[in-house]
Amino acid sequence: MSAFPARLAARPTAALGRATAASLTPAASLTPAASRTPAAHHRGATAAPGRRAPGTTAAALLIAAAASGISGPSLALPTAARALHVPTASAAWLMTAYGLGLLVGTPLLAGTAGRRDPAALVRAGAVLVALGAAIVLASPSALLPLVAGRAVEAAGAAGLTVAAFRIAARDRSGRSTGLVAIANAAGGTLGLFVGAGAAQLLGWRAALVMPLLALAVLPAVLRPAGHAHQARQAGWAGKTGQAGSPRPRFRDALPLGLLRRPGFRRPALLMLALATVNFALVYGAPRRVAALTGWGPLPTGAAVASVALAGALLSWQLVRLAPALGTARVRVLLAAGSAAAAAAAAFAPWPPVVLLGSALGSLVTAGGQGVLTGSAVGGLAPERQGGALGLFNLAFPAGVAAGPVLAGFADQTVQFLY
């Protein structure tokens with residue numbers, strides 16, 4: 001449910017070697033800039049050291065709205081299931097579809113519209129968000145068109161996410177990237193509460209179109225997005241003596257051959273497991289809390305969103321301790337913490353323990369990204385790190401897609417949701 005706390009994204013850990021702090025985020029790692037060194041990445045940047053890049057605040061609001069679509073429908077799914085005359089587990093496809101849209105949309109938009117400039121990426125993402133929301137709002141009460149609309153909406157949100165990190169990347173200090181990263185985490189967690197409120201006030205379909213909020217920020221984002229492109233062009237021209245910017249081929253964005261490398265495959269699979277459990281809790285933990293307390297959607301969303309956000313913010317402590325603990329111990333802690341979070345949410349009869357499980361899942365997922373990213377790219381040549389980070393960070397949208405399926409399976413077998 002989270003990406004990175006601000007301090008995590010603002011400063012690379014020792015384990016990351018030459019990978020940049022901006023590359024730690026799922027979206028930024030898929031942009032062409034992700035494979036450059038920090039000095040090259042900021043050539044031509046317009047932000048002075050110690051000051052935020054222009055447009056960072058708007059980019060943070062943009063990415064928060066895009067991320068709210070991940071968790072926004074969670075507490076509205078039972079109502080949606082009744083309206084659609086399907087089981088709640090089937091309605092969970094409304095969340096799974098968002099993960100699939102992110103999984104496809106992130107590399108696709110970064111490798112097509114993102115090759116031109118962030119403004120083009122923002123426009124393409126906004127069009128897809130609007131189109132997906134229109135499908136959701138106009139569709140009859142049938143699951144399949146709603147799932148399709150959510151997937152289109154998520155593809156657009158992926159483009160907005162990539163663009164937000166590219167705008168923030170002009171800041172040499174990393175503070176702008178940190179602010180955008182924490183907004184990503186906040187949007188993903190607070191979407192639970194905002195989605196529940198939207199469903200209560202406007203109906204359950206409103207919870208499915210939360211990324212529409214990003215359209216309100218577009219005028220404030222497009223101008224700095226254009227400036228970011230001009231700055232990159234100036235930096236590239238100064239380096240090569242030619243106008244324009246490098247245009248990496250789309251097929252180079254995801255070097256699938258890395259999956260044959262154990263040093264990459266093992267941390268990537270662990271990251272996928274952590275993300276899947278975390279997003280299963282996004283789906284299941286709120287209903288477990290509601291069943292145990294009798295609370296309505298709004299107080300349930302507020303409680304779960306608060307503890308999940310707290311867990312994401314605390315994850316930077318895990319990253320700070322990681323070098324002293326060593327890679328093997330940290331991986332054991334991450335796996336054990338994820339298993340404990342799942343067990344607490346599934347079986348604990350006390351609401352505070354279920355909430356603790358949700359916080360723990362968020363903590364190990366956000367912290368795991370910081371630690372495992374370094375393991376995944378360690379030993380790779382600098383020119384290969386960008387593609388490796390892009391492939392590694394797809395574990396997050398894959399977890400968004402797989403998590404609700406896992407929780408739905410638990411609903412059928414363990415019967416822990418109600």
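**Thr 79**

I began with Thr 79, which sits in helix 4 of this predicted model. Its relative accessibility is 36%, so I put it down as partly exposed. I then looked for a residue far from Thr 79 in sequence but close to it in space, and noted Trp 204. The two are 125 residues apart along the chain, and their C-alpha atoms are separated by 6.7 Å.

**His 85**

I went on to the loop that joins helix 4 (77-84) to helix 5 (88-91), where His 85 is found. The backbone angle caught my attention: phi of His 85 is near 60 degrees. That is a positive value, and the residue is not a glycine. With a relative accessible area of 72%, His 85 is exposed.

**Whole chain**

I stepped back for the totals. The chain has 418 residues, and 58% of them count as buried. I found 16 helices and zero strands. The accessible surface comes to about 15800 Å². Carbon and sulfur atoms hold 66% of that surface. I also checked how the contacts are spread along the sequence. Taking contacts with a separation of 6 or more, 83% are between residues 24 or more positions apart.

**Arg 150 and Glu 153**

How many salt bridges does a search of the whole structure find? I got one. Its partners are the side chains of Arg 150 and Glu 153, with an N to O distance of 3.9 Å. Both residues belong to helix 8, three residues apart, which is about one turn of the helix.

Are Arg 150 and Glu 153 buried or exposed? I recorded both as buried. For Arg 150 the relative accessible area is 0%, and buried means under 20%, so the assignment follows. Helix 8 covers residues 143-168.

I then listed what else surrounds Arg 150. Its side chain reaches the backbone oxygen of Leu 94 at 2.8 Å. Leaving aside neighbours within four places in sequence, Arg 150 is in contact with Gly 69, Ile 70, Pro 73, Leu 94, Met 95, Ala 97, Tyr 98, Val 136 and Leu 208. Leu 94 therefore enters my notes twice, as a contact of Arg 150 and as the residue whose backbone oxygen the Arg 150 side chain reaches.

**Val 221**

Next I looked up Val 221, in helix 10 (residues 218-240). Val 221 has a relative accessible area of 1% and is buried. Which residues does Val 221 touch, not counting those up to four places away in sequence? I wrote down Ala 58, Ala 59, Leu 62, Val 122 and Ile 167. For Ala 59 I also took the C-alpha to C-alpha distance to Val 221, which is 6.2 Å. These two residues are 162 residues apart in sequence.

**Patch around Phe 193**

I turned to the surface and picked out a nonpolar patch of about 340 Å². Leu 190, Phe 193, Val 194 and Leu 213 make it. Of these I followed up Phe 193, which has its place in helix 9 (residues 175-202). At a relative accessible area of 37%, Phe 193 is partly exposed. The value falls between the 20% bound for buried and the 50% bound for exposed, so neither of those words applies to Phe 193.

**Helix 13**

I checked the length of helix 13, residues 327-347. At 1.5 Å a residue, its 21 residues should span 30 Å. The end C-alpha atoms are 30 Å apart, so the span agrees with what is expected.

Which residues of helix 13 are buried? My list reads Val 330, Leu 334, Gly 337, Ser 338, Ala 341, Ala 344, Ala 345 and Ala 346. I then asked what the buried residues of helix 13 pack against. They pack against helix 11 (262-293), helix 12 (297-325) and helix 14.

**Gly 378**

My last entry concerns Gly 378, in the loop between helix 14 (351-377) and helix 15 (382-393). Gly 378 counts as partly exposed, because its relative accessibility is 31%. I took the C-alpha separation between Gly 378 and Phe 264 and got 8.4 Å. Along the chain, Gly 378 and Phe 264 are 114 residues apart.

Methods:
Residues numbered from 1 in each chain as written. Predicted model: local features only at pLDDT ≥ 70, side-chain atom pairs only at ≥ 80, totals over all residues. Heavy atoms only, no water. Helix = DSSP H or I, 4+ residues; strand = E, 2+ residues; numbered from the N terminus. Buried < 20%, exposed > 50% of the residue type's maximum accessible area, 1.4 Å probe, protein only. Polar contact = N/O pair within 3.5 Å; in protein donor to acceptor, adjacent residues only side chain to side chain. Contact = heavy atoms within 4.5 Å. Patch = residues over 30% accessible without salt bridge, like charges linked within 9 Å, V, L, I, M, F, W, Y side chains within 5 Å. Areas by Shrake-Rupley, 256 points an atom, 1.4 Å probe, with all protein chains shown as cover. Salt bridge = Lys/Arg side-chain N within 4 Å of Asp/Glu carboxyl O. Expected span 1.5 Å × (residues − 1).
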